[in-house]
Amino acid sequence: MTAEDKPRIGVYICHCGENIAGAVDVEEVRKFAEKLPDVVVARDYLFMCSDPGQEIIKEDIRKGLVNRVVVAACTPRTHEPIFRKACEDAGLNKYYFEMANIRDQCSWAHWHEKEKATEKAKLLVAAAVAKARLLEPLEDRYVELNKDVMVLGGGIAGIFAALDLANAGFKVYLVEKSPSIGGNMAKLDKTFPTNDCSACILTPLMVEVANHPNVELITYAEVESVDGTVGNFKVKVRKKQTYVDWDKCTGCGACLNVCPPKARVPDEYNEGLSTRGAIYIAFPQAVPKKAVIDPDACIRCGGRWFGEEPRKTKDGKPILAPCEKVCPTGACSRDEPRDPNGELIELNVGSIIVATGYRVMDKKHFKEYAPDSPNVITALQMERLISATGPTEGKLIVPSDIPKYLEWKKKIEKGKEAELEARKPHVITFVSCVGSRDERYHTYCSKVCCMYMLKQAMLLKEKYPDLEIYISFIDVRTPGKDFDEYYMRCRKLGIKIIKGKIGGVQRLPDERLLVKGYDAELGRPVELISDIVVLATAMEPNMDLKELARKLGISVGAEGFLKERHTKLYPVDTMTEGIFICGCAQGPKDIPDSVAQAKAAAASAMSLLAPGKMKVEPLISEVDQEKCIGCGICENLCPYGAITLVEVNGSRKSKINETLCKGCGVCAAACPSKAITLHGFTYEQVLAQIRTIAAKKVVEV
Amino acid sequence: MELAEEGVPPVINLTELAEKEKEEFEEKVSELIIEFGAENLMACMQCGACASICPLARTGFEWYNKKLIKAILVGMREELLDDMTPWACVACNRCTEICPRNVTPFEVMLAMRRLMVEDFALPTLTIEGLRSLYEHGHAVYMTGREARKKVGLPEKPPTTDSDEKALQELKTILKNTKLAELGLIPME
């Protein structure tokens, strides 16, 4: 060590106004610090982090008085970067800086024991000095970033995230599980609190994102695996087999009506209120508007599957499936074999945004609400029932009569005269908090149910003023701009509120329903007979969300939604750098909140990727492969999957991925051969701190 | 019903109430109350601020302002007509001052009285009061005329009662109100 390198430590003690000085005798600490080994100067100031405070430190560095800096002040969590920057600005390697936390860990904690607080402050300063003597200069490193982004999920959140990124010039892969983008919002009739038609505001966005030159839309596809790290993710995506040639399919829909009745299954778009054929287009305004064949529903008309020879009629003509026969472009041809596993593609991206949405709970769980009755429906089914693209084209009838409606429609389409005999509802009852705020299902509030019940009630009452509408509420939750005004509008329309959750629904022989509740406002049990009961069932995580989170290396909360890094400060970040979350995959929320979060996630991805490279703090672990015995303890302990065992000259050695390492130090602490060094927190440095505190004086290690 | 007699409150059958409102009566009770002056009835969100300061609620009357409004909203016409709470209202008007939705619960109370009068659902004391109002210009009229004389006061107080012209005007006014139409008291 040359004289130039010998530590010349400056100690700077902050009063933090009264926060520190109110409990710690700053002058006494300063005098104590002055006498510590290698300390050349000790100063104090009212606010060390202020401009003049920083200037004191900078001046000492510039004059060559000090070459190590110890600041005794608040917490390094918020202020370490500020002081490091000050050191750097004055020409000192910023890792020659050490901080003693004498506020959060001393003055605040021991506010009423001033003498002891002062003694503790001295020890903390001594420990910091002990470490500062052993500090080494470190350099920040940079890694190159791939600027492409993958957005998972093509609902309203995914669409907005993709659009914002694409408009900013980033290439986006928008991956959607279903044949069409649009998500749950595509199923909604109107949206609160303005009653905009959902399709009218969503469809243009679907078209815009699909046609955007910077967006590559990959629908009917799912993530298979994710490798790599921030800036360089390698994602394998499985494009499911569509069984229809999408290059040829024009979405004309000719095939939809010829699919035989036996092949019909519940229609996902209409939430099971109607059926679809095995060959289907997701919904009328689907993007892309392409047909797919559901292989589980297809009954293989003509006894032939893809790539098999067709059977022949007596006169030798091939027997084709009806869809095949009717298709004007040959998109449904079964001549060629098709791989049931679809196609696996690999994409390289710098960042991933997860916007996979939610699903609503099925009514089947709730035995107390007569789920076997067709007239007990979920609120999402109600959306379909009142939607112009729904099973009844928006005609309000009791769901048990939908089959009658469909028969009538078939007759009319064939030009026959027929009378529709479906029953119209006179009474509709909404049941709140079904599966939400319930220890048996989900403890959280699904946040949107109060508002969508009010919305549906309002739409119905405005269109059919004679309808009796009851909404049961445990309590009405309408926080948000214009939300409570919306609720008042409903009240004024004469929608009747039952204050209390409905406890039971009984199916009557005439397919009406006996509803039993208790009204807390009247203090009496109430009951009524309803034609339709609408259950506001909870929003819950998608079935495969946990599995997707596992593939991505991000976590889910106890309730099953994706977990953000910090509820308040990093709401769209995850613990895995470069992966962001938004929309209902993160938790129940309405459309405005989903969109806001999607835009936040897009902005976060942009600010990460825009520079094209990313600074990596050097405070990470390093393996001395000479010392490493290849035991693999560190590999199992690493919470970030940053450590792998590699073959070096015939023996197993631990290797740390510098971009993945977060510098937690678990590996260094556990390494039995002390082969791992956590820079900035080396074995010697930490030991010097501990021993100094134990011995109550600066000790040599 | 048997249970009800033992003091257990009976179940409120909302369907029956709604059907009666539709089939038996020309108008819903809520619509009548609005017509009778409680224009903002539907804005009530049952916050309970009115009940917190209502003397009726504090003295154990069942259908005080907040509950009265709720019962009107669900159409409990018959049960309300059987109950005398609105006549006990002391018209302090504190409910109207405190209401965050400008529902004017006191107006609801008055509108309910008007509805009850139409249905002759009023206590005998009220009829006495009306008769006295018509005859003397005082709803509550003192009986001690002898006592007044003893201390040297005129038999009638110096109010409408002793002013024949004013009394005639009052009678004319009352004859032009709904009171005459209802025939609750004799009006010569």
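This is a walk through a predicted model of two protein chains, A and B.

Let us begin with chain A as a whole. Its C-alpha trace spans about 105 × 75 × 40 Å along the principal axes, and the chain contains 17 helices and 34 strands. Of its 701 residues, 46% count as buried. If you follow the contacts in chain A between residues at least 6 apart in sequence, you will find that 69% of them join residues at least 24 apart.

The domain assignment helps you find your way around. Chain A is divided into four parts: domain 1 covers 9-140, domain 3 covers 359-540 and domain 4 covers 620-678. Domain 2 is pieced together from 149-240, 348-357 and 542-613. To get a feeling for the layout, look at domain 1 of chain A and domain 4 of chain A, whose C-alpha centres are 33 Å apart. Chain B is assigned domain 1 (11-118) and domain 2 (124-180), and the C-alpha centres of these domains of chain B lie 31 Å apart.

Now pick out strand β21 of chain A, residues 427-434. Is this strand enclosed or exposed? Eight of its eight residues are buried, so β21(A) is largely enclosed by the rest of the structure. A residue counts as buried here when 20 or more other C-beta atoms lie within 10 Å of its own.

Which strands pair with β21(A)? One of them is β22(A), joined in the parallel sense over four bridges. Within this pairing, A:Phe430 stands opposite A:Ile471 of β22(A). To get from β21(A) to β22(A), the chain passes through helix α11 of chain A, residues 449-463, making a right-handed β-α-β crossover. Another partner is strand β27 of chain A, residues 532-537, which runs parallel to β21(A) and is joined to it by five bridges. Here A:Val431 has A:Leu535 in β27(A) as its bridge partner.

For a contrasting arrangement, turn to an open sheet of three strands in chain A. Its order is β11-β12-β17, and the pairing is antiparallel. The edge strands are β11 (221-229) and β17 (343-349), each of which pairs on one side only. From one strand to the next, the twist averages 20°. Eight bridges connect β11(A) with strand β12 of chain A, residues 232-239, and among the facing residues you can spot A:Val226 with its bridge partner A:Val235 in β12(A).

Finally, let us see where the two chains meet. How many residues does each chain bring to the contact? Chain A supplies 16 residues and chain B supplies 16 residues. On the side of chain A, the elements giving two or more residues are β22 (468-473), α12 (483-492), β23 (496-499) and β26 (524-530). You have already met β22(A) as a parallel partner of β21(A). The largest share, six residues, comes from β26(A). Sorted by class, this side of chain A has seven nonpolar, one polar and eight charged residues.

Strand pairing also reaches across from one chain to the other. β26(A) pairs with strand β1 of chain B, residues 12-13, in the parallel sense over two bridges. To find this place in the model, look for A:Val526, whose bridge partner in β1(B) is B:Ile12.

Conventions:
Residues numbered from 1 in each chain as written. Chains lettered and ligands numbered in written order. Predicted model: local features only at pLDDT ≥ 70, side-chain atom pairs only at ≥ 80, totals over all residues. Domains from an automatic or database assignment. Contact = placed C-beta atoms within 7 Å. Nonpolar A, V, L, I, M, F, W, Y, C, P; charged D, E, K, R; others polar. Pairing = 2+ DSSP bridges. Buried ≥ 20, exposed ≤ 12 C-beta atoms within 10 Å, placed from the backbone. Right-handed = clockwise from strand over helix to strand, strands pointing away. Axes fitted to C-alpha atoms, helices over the stretch in contact; angles between N-to-C directions.
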